Amino acid sequence: MSKSTEAKQVESQQQLEQLRSLILGKNSHVVTDAIQKEARTIVGEVLSEALHDRQKKDGSVNKVLLPIVENAVEDSVAHNSDRLVNSLYPLMGSLVRKSVTAFLTDFMEKTNQLIDSSLTFKGLTWRIKAWQAGVKFSQYVASQTFVYRVEHVFLIHRETGLLLNSVNFNNTAKSDADLISSMLTAINDFVGDSFLDNEDGLKEQLETVTTDNFTLLIKPGPNALVVAAVTGKPPQKVSDKLQIILESIHSLYASELMQFNGDNEAFVTAENLLRDCLLAEQKTTEPKNNKTPWFAWLAVLFFIIILGFQTVKWWENQVLNDKLMTLDHESGVVINHIEVQDHNKVVLDILRDPDAISVSDWLQKNDLTIEQLSLTERLYHSLDLEILNTRAQRILLEYPEITMMWHSKILHLSGTLAVLKSAKLLSALTAAGFTLERNLIIEDIKPPFANEAITSKAIKAQIFKDLVGRISTIQLEFPVASADVTPSMQLTLQQLYQYFHQLNQLADQLDLNVGLVIIGCSDNSGSIAKNTLLSRQRGENTGDALNLLGLSKAQMYVTGLGQIDIMKVKNNARKVIFNVLYVSNDEKTNNEM
Amino acid sequence: MIQKKICLLGASSVGKTSLVKQFVEGIFNEKYLTTIGVKIDKKVVTLENNSLQFMLWDIEGNDRYNAFQERYLRGASAYIIVADQTRTTSLIEGLEIHSLARKVAKCPAILAINKSDLQPSWHWEDKGLEDYNDLFDLHFYTSAKTGANVDNMFIELAKLLQES
């Protein structure tokens, strides 16, 4: 630059100073004082417009006013709470109502979301996939629901790497923001120092770090970094937003950043700015396919038909089973096992008295048709009243002169019948399950002719001998070394008792006294003394059994013969034999008949 | 809360990581794992009137293969030079690191002579720490194994930082 040009500039400046002094003179303060006096009016007139214009221009008025208003409200709450309460009182009711409504709406939405994500097929699939991927369910849902979502935003002091503030999408800080910010700074320092400086002579900076679940977007500024942890694919607008917020923070907190000494209290108000970065974009849901799922409906229909068919079948089987069970109520029939496999296939296992109704008759009587009846029938001797009645009727068919009548479950027979026939009838009834005095009374059966009574003595004597003979043929056969009376022996003894009872009646009529001799025997195995004892025991047990049936001990004599040394029988002579001893009442003669 | 960045520097295997582990978690592990790069932990130190949160930068040890890197020292409020009293060379290496660190960080420096539970080397015992009083703001004999003087060192450091 030439000297003449410099001189010209100096000259023009001097001239400007002269002009100032000419207009304002030495008393320039007069002008400034005048302006100051009117400053309030001047600023007051344009204040609203100026705030409006600046807010419209870059939105900075809000950011500047926000901490001031917050502090003012805080002060007001702390020191003038009454005034604040009085002012807010008219609003409280509607505020509470709105808050409750908002809470309930939010609660319902969250419940719906929970049900959607927990109970639907989609929700279950997501849960399984999240488990397979080893990520939290909420993270997986976010990744499926959002194209991207800014989960965390950190504001970090560049020099120290200390965290100034941080915000989270769900307000639930799971990670340690302090450590993350420090480590990020360390990594950034490492990158900056490890790589060669770029063309502009600046150190390399990390701008993006990608992990399995997050993309970290890093915006470095001169004094602070803003870092956003984003799930999904972040678009450019997230990066732009971070840049704008970073610039705002540098402009609003310039002095605080410069003088930062570790106290992050000054940056609490930066939360609102950081919250602006919590952007998200939801995925557009795929249009639902409104085609009617015929196949699915057919499958459901088929399933319902099968289910209905099975239910009806089961119900029919149950009804048939109940009907068949009534067979058990029939006299002389006992059901052991019943299984209805199908309506046409029945497995039936029963006990049946020969005089009871047959199964086929019963089925016919009840209008039941079973195509495949697997019947297992075993016969038994029933003592049901109805069966006894049937048997008695059948026996009495041969005795038309006898009438029968049931009274208190006891069969009363009456009529006229020859003595021999009477004995035969009694024998038949005994075999059919009747026992004198217990369920049979025959005292009303009388001999048919008067002269028979006269001539009957010889006949009675003959019957008497016949009965004595029958009793003498009865033998009880015992097992080896046993003296116990078995159930089959009981039946024989019952028969014997019946005979002896008749014998007693005849003896009265024939003026005879009778006694039953019970003789126990044994085979030749074992010692003689033991065999004697055993034979005696067999006799006594038999006597006891007869006594229980009603035979007086005064009419019996029990003895034991020991072993019977007769060559041909001695090996199997484990028996009790009977004999009748009868004597005339005429003691003088005392002859055996 | 006020946070302070504290760096631990020193030669390899002097016990920097063990000191941090003892201070933060209260445990000691005999197993030696060398630190690569830097490992950061934090702990709140409560004083009478105030609480400080220490961000502890445990920086990899320096030896002939791994030169001192100043990058991690930026913004530190203090640094601790750790030496091993069973190895005199570790103190010499620590002093070298200290002189390098001083060039980039004008913050309080502390000397921690670690492994005080073991027998010191003869030279160490004769000389003591008196010569280094002027070089460091504070110095301590510590044992990461027994925990001796570890908490005390950090509390004293917190007091020092609070005063400054």
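## A:Ile463 and its surroundings

In this predicted model, A:Ile463 counts as partly exposed because it has 19 C-beta neighbours inside 10 Å, whereas a residue is buried from 20 or more. The residue lies in helix α15 of chain A, which covers residues 450-473.

Leaving aside residues up to four places away in sequence, A:Ile463 touches A:Val419, A:Leu420, A:Ala423 and A:Leu506. For one of these partners, A:Ala423, the separation from A:Ile463 is 40 residues in sequence and 8.7 Å in space, taken from C-alpha to C-alpha. Another partner, A:Leu506, is among the buried residues of α16(A).

## Helix α16 of chain A

Helix α16 of chain A comprises the 23 residues 487-509. A span of 33 Å is expected for α16(A) at 1.5 Å a residue, and the end C-alpha atoms are 34 Å apart, which agrees.

The buried residues of α16(A) include the leucines A:Leu493, A:Leu496, A:Leu503 and A:Leu506. The aromatic residues A:Tyr497, A:Tyr499 and A:Phe500 are also buried, as are A:Gln498, A:Gln502 and A:Ala507. Just after the helix, A:Asp511 adopts a positive phi of about 55 degrees.

## Chain A as a whole, and its confidence

Chain A contains 17 helices and 16 strands. Of its 593 residues, 22% count as buried. When contacts in chain A between residues at least 6 apart in sequence are considered, 64% of them join residues at least 24 apart.

The mean pLDDT of chain A is 83, with 90% of its residues at 70 or more. Within chain A, confidence is lowest in helix α4 (residues 81-119), where the mean is 71, and highest in strand β14 (residues 512-522), where it is 93. Over residues 588-593 of chain A, pLDDT stays under 50, and the model has seven contacts beyond four places in sequence for this stretch. Where pLDDT is low, the predicted coordinates should not be read in detail.

## Chain B: order of elements and strand pairing

Chain B has four helices and six strands. Read from the N terminus, these elements follow the order β-α-β-β-β-α-β-α-β-α. Buried residues account for 41% of the 164 residues of chain B. Among the contacts of chain B between residues at least 6 apart in sequence, 72% link residues at least 24 apart.

Strand β3 of chain B (residues 51-59) pairs with strand β2 of chain B (residues 38-46) in the antiparallel sense, over nine bridges. A hairpin of four residues connects β2(B) to β3(B). In this pairing B:Thr46 stands opposite B:Ser51, and B:Lys43 stands opposite B:Phe54. Strand β3(B) also runs parallel to β1(B), to which seven bridges join it; B:Leu8 has B:Asp58 as its bridge partner in β3(B). Seven of the nine residues of β3(B) are buried, so this strand is largely enclosed by the rest of the structure.

## Helix α2 of chain B

Helix α2 of chain B (residues 88-104) has 17 residues and reaches 26 Å from its first C-alpha to its last, close to the 24 Å expected at 1.5 Å a residue. Its buried residues are B:Ser90, B:Leu91, B:Glu93, B:Gly94, B:Ile97, B:His98 and B:Ala101. They lie on the same side of α2(B) because they cover an arc of only 160 degrees around the axis.

The buried residues of α2(B) pack against three strands of chain B, namely β1, β4 (78-84) and β5 (109-114). The face turned away from the buried side carries the exposed residues B:Thr89, B:Ile92, B:Ser99 and B:Lys103.

## The contact between the chains

Fifteen is the count on both sides of the contact: 15 residues of chain B are in contact with 15 residues of chain A. On the side of chain B that touches chain A, β1 (2-10) and β2 of chain B each supply at least two residues. Strand β1(B) gives the most to this side, with four residues. By class, this side of chain B has five nonpolar, five polar and five charged residues.

Strand β1(B) thus recurs in several settings: it contributes to the contact with chain A, it runs parallel to β3(B), and the buried residues of α2(B) pack against it.

How values were computed
Residues are numbered from 1 along each chain as its sequence is written. Chains are lettered from A and ligands numbered from 1 in the order in which they are written. This is a predicted model: local features need pLDDT of at least 70, side-chain atom pairs count only at pLDDT 80 or more; totals for chains, interfaces and linings use all residues. pLDDT is the predictor's confidence in each residue, from 0 to 100. Two residues are in contact if their C-beta atoms, placed from the backbone, lie within 7 Å. Two strands pair if DSSP finds at least two bridges between them. Ala, Val, Leu, Ile, Met, Phe, Trp, Tyr, Cys and Pro count as nonpolar, Asp, Glu, Lys and Arg as charged, and the others, Gly among them, as polar. A residue is buried if 20 or more other C-beta atoms lie within 10 Å of its own, exposed if 12 or fewer, and partly exposed in between; C-beta atoms are placed from the backbone. The expected span of a helix is 1.5 Å times one less than its number of residues. The arc is that of the directions from the helix axis to the C-beta atoms.
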